[in-house]
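User: I would like a close look at one part of this chain, with its surroundings and its place in the whole. Please take me through the geometry, the burial and the contacts in turn.

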Amino acid sequence: MSNEGLFTKGGPGGPGRPKGSRNKEMHYARRLHSEHGREALQRVVDNMRDTDKRVSQRASEFVLMQGPRVAEEPIQVELPEVNSLADAKRALNALNQAMGAGEITPEKADVAMRVIERQWRMLVATELEREVEELREVADEFLKLKRAVEEAGKS
């Protein structure tokens, strides 16, 4: 667009729809989904069987792009509290047994294992931090004794 408010030859016809805004069709589809979830999905599935190819195609696109999302169900496995490496090993063993028994999927077991691993890493970091603090205290005491010995040797 030129400075006088006229369109320039070969330029775009306008600014277009603002970024992030939804077209009317998707806005309607989302509203239908939120207000009438299952009913709307059933209508869309029925429309997928429609003989009009355009209606069928749009209904299929809706199901693939905007249909209800499957919420992850929580994992139902009894695990020990992780306060040590031994606890982490018991928790991982319990997850492996649950996965082997078909109680949870390998994907869910992997997610839970990563949570246990993070807990264990925090325990290790906390323990290392405690050990470093103890070493600092020992080093401070050593330096105090060394200075006392050096001063006693000078006198």
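Analyst: Helix 3 has 16 residues, which at 1.5 Å a residue should span 22 Å, and its end C-alpha atoms are 22 Å apart, in agreement with that value. Seen down the axis of helix 3, the buried residues fall within an arc of 125°, so they line one face of the helix. These residues are Asp-87, Ala-88, Ala-91, Ala-94, Leu-95 and Ala-98. On the other side of helix 3, the exposed residues are Lys-89, Gln-97 and Gly-100. The model is a predicted one, and what follows describes that model.

The general geometry is simple. An α-helix has 3.6 residues a turn, so residues three or four places apart point the same way.

Asp-87 belongs to the buried set of helix 3, and its relative accessibility is 12%. With the cut-off for buried at under 20% relative accessible area, Asp-87 therefore counts as buried. Asp-87 also forms a salt bridge with Arg-90, and the closest N and O atoms of the pair are 2.2 Å apart. Arg-90 and Asp-87 are three residues apart in helix 3, which means that about one helical turn separates them. The two ends of this pair fall into separate classes of burial: Asp-87 is buried, whereas Arg-90, at 46% relative accessibility, counts as partly exposed.

Two further residues of helix 3 are partly exposed. Leu-85 lies in helix 3, which covers residues 85–100, and has a relative accessible area of 42%. Asn-96 is also found in helix 3, with a relative accessibility of 38%. The C-alpha atom of Asn-96 is 8.8 Å from that of Pro-106, a residue 10 positions away along the chain. After helix 3 comes Gly-102, whose phi is positive, near 80°.

What lies over the buried face? The cover on the buried residues of helix 3 includes helix 4. The reverse is also found, since helix 3 is part of what covers the buried residues of helix 4. In helix 4, the buried residues are Ala-109, Ala-112 and Ile-116. Helix 4 has 49 residues and reaches 70 Å from its first C-alpha to its last, close to the 72 Å expected at 1.5 Å a residue.

Helices 3 and 4 also share a surface feature. Leu-85, Trp-120, Val-124 and Leu-128 form a nonpolar patch on the surface, and together they have about 320 Å² of accessible area. Helix 4, residues 106–154, gives the most to this patch, with three residues. Leu-85 comes from helix 3. Membership of a patch requires over 30% relative accessible area, and Leu-85 has 42%.

Helix 4 carries salt bridges of its own. Arg-130 forms one with Glu-134, the closest N and O atoms being 2.3 Å apart. Arg-130 and Glu-134 are four residues apart in helix 4, so about one helical turn lies between them. Both ends of this pair are partly exposed: Arg-130 has a relative accessibility of 39%, and Glu-134 has 38%. The pair is also part of a network of salt bridges that links Glu-127, Arg-130 and Glu-134.

Another salt bridge in helix 4 joins Lys-144 to Glu-141, and here the closest N and O atoms are 3.9 Å apart. With the cut-off for a salt bridge at 4 Å, this pair still counts as one. Lys-144 and Glu-141 are three residues apart in helix 4, which again means a separation of about one helical turn. Glu-141 is partly exposed, with a relative accessible area of 45%. The count of salt bridges comes to seven.

As for the whole, the chain has four helices and zero strands, and its elements run α-α-α-α from the N terminus on. Of its 155 residues, 14% count as buried. The accessible surface of the chain comes to about 13,200 Å², and 55% of that belongs to carbon and sulfur atoms. Among contacts in the chain with a separation of 6 or more, 37% are between residues 24 or more positions apart.

To return to the part in question, helix 3 has its buried residues along one face, and helix 4 is included in what covers them. Lys-89, Gln-97 and Gly-100 are exposed on the other side of helix 3.

How values were computed. Residues are numbered from 1 along each chain as its sequence is written. This is a predicted model: local features need pLDDT of at least 70, side-chain atom pairs count only at pLDDT 80 or more; totals for chains, interfaces and linings use all residues. Side-chain values use heavy atoms; hydrogens and water are left out. Patches are made of residues with over 30% relative accessible area and no salt bridge: like charges are joined within 9 Å, nonpolar side chains (Val, Leu, Ile, Met, Phe, Trp, Tyr) within 5 Å. Accessible areas come from the Shrake-Rupley method with a 1.4 Å probe; for residues, only the protein chains shown count as cover. A salt bridge is a side-chain nitrogen of Lys or Arg within 4 Å of a carboxyl oxygen of Asp or Glu. Helices (H or I, at least four residues) and strands (E, at least two) are DSSP runs, numbered from the N terminus. Buried means under 20% relative accessible area, exposed over 50%, partly exposed in between (1.4 Å probe, protein chains only). The expected span of a helix is 1.5 Å times one less than its number of residues. The arc is that of the directions from the helix axis to the C-beta atoms. Contact means heavy atoms within 4.5 Å.
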